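Got your viewer open? Let's take a walk through this one, selecting a few residues at a time.

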Amino acid sequence: MTKAPFPDVVDNTMRGDFVLCPKKMEYSFIENWAPAFPSVHLHAGGAFAAGLESARRAYWEHQKPKSEALAAGLKTMMEFYGDVVFPETRSGDKSLDNMIRAFDSYFQRYGLDTDPLKPFRLPNGKIMVEFTFAIPTEVKNPSTGNPILYGGRSDMIAEMNGQLWVTDEKTTSALGNAWAEQWDLESQFTGYVAAAKMYGYPVAGAVIRGVGLLKTKITHQEVILTRSSWIIERWWQQLHRDLKRMVQCWEEGVWDLALSKNACAAYGGCAF
């Protein structure tokens, strides 16, 4: 049987799945198995991000009036969400109706014209809404012989108080201290900051905005993170160790099973 190729690009989700349960990464990103039902969390979050990007581009890049920019963003979000209907989740409300309320609440709190985070504008007039990157690592791809790329996408590189920041919005249900503290060591944002610096953007850190989608109200929370050079270096070294183990699993054809409640019965369950 022909072996599925090793991916050209590894991102934070793939690395996280591998660290949690190598078999999950194999099913998701080597064999490309899909769960029986799409994730409402990923779908709603993707729709929300698309709506914010559309509104910001319309206002900052195309110089549309605020009302037109917001209308364009809302239209994009609704089209992205579509007419899909998800079963009720155990907490929160990520229905289209509630996503519309969240969109309105977000821009009431962070107005297009009053938000202290303003999209960074390049010399050509384009704004850094959606920062997509792919940086070569020192580990060779066993399928192609080329360097494995580490890739990702943040919602924006923005200016605030004379500094650049990588920014990302997160739709969730519960906000609070536990939600904020989970990002302290999170590799996603270490990777974002490292990649931005490698691309020549001297970011000071990352700003994460949580949007709480409850059944009765919409809540907001903002977290500002910094990443020192030694933290970035530690992440980079750990990434390479993880990539080498991924390659070993691929070459041996054996992807370990976690067989742990923290993986098999984690919040939301395992798709496999």
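Start by selecting α3 (40-61), α5 (96-109) and β2 (118-119): each gives at least two residues to the lining of the largest cavity. Helices (H or I, at least four residues) and strands (E, at least two) are DSSP runs, numbered from the N terminus. A cavity is a set of points on a 1 Å grid, over the protein atoms alone, where a 1.4 Å probe fits but cannot get out, and lining residues have an atom within 4 Å of a point. This is a predicted model, where local features need pLDDT of at least 70 and side-chain atom pairs count only at pLDDT 80 or more, while totals for chains, interfaces and linings use all residues. Residues are numbered from 1 along each chain as its sequence is written, and side-chain values use heavy atoms, with hydrogens and water left out.

Now show the lining itself; among its residues are Arg-56, Trp-60, Tyr-110 and Met-156. The space they surround has a volume of about 70 Å³, meaning the space filled by probe spheres set on grid points joined across faces, edges and corners.

Next, keep Arg-56 on screen and add Ala-49, Leu-52, Glu-53, Val-129, Arg-153, Asp-155 and Glu-169: together they line the second largest cavity. That one holds about 30 Å³. Which element gives the largest share of its lining? It's α3, with four residues.

Go back to Tyr-110 and add Arg-209, which lies over the face of the Tyr-110 ring, 3.6 Å from its centre. (Here a charge sits over a ring if NZ of Lys or CZ of Arg is within 6 Å of the ring centre and within 35 degrees of the ring normal.) Lys-3 does likewise over Trp-250, at 4.2 Å from the ring centre.

Time for rings. The whole structure has 20 aromatic pairs; rings of Phe, Tyr and Trp (its six-membered ring) pair if their centres lie within 6.5 Å, with planes under 30 degrees apart called stacked, over 60 edge-to-face and the rest tilted. Select Phe-131 and Phe-133: their centres are 5.5 Å apart and their planes at 35°, so the pair is tilted. Both are buried, that is, under 20% relative accessible area with a 1.4 Å probe, protein chains only.

Last stop: strand β5 (residues 163-172), where nine of the 10 residues are buried. β5 pairs with β4 (residues 147-160) in the antiparallel sense over five bridges; strands pair if DSSP finds at least two bridges between them. Finish on Leu-164 in β5, which stands opposite Glu-159 and has Val-203 in β6 as a bridge partner.

How values were computed: Buried < 20%, exposed > 50% of the residue type's maximum accessible area, 1.4 Å probe, protein only. 1 Å grid on protein atoms, 1.4 Å probe; cavity = no way out; pocket = protein on both sides within 12 Å on 5 of 7 lines; lining within 4 Å.
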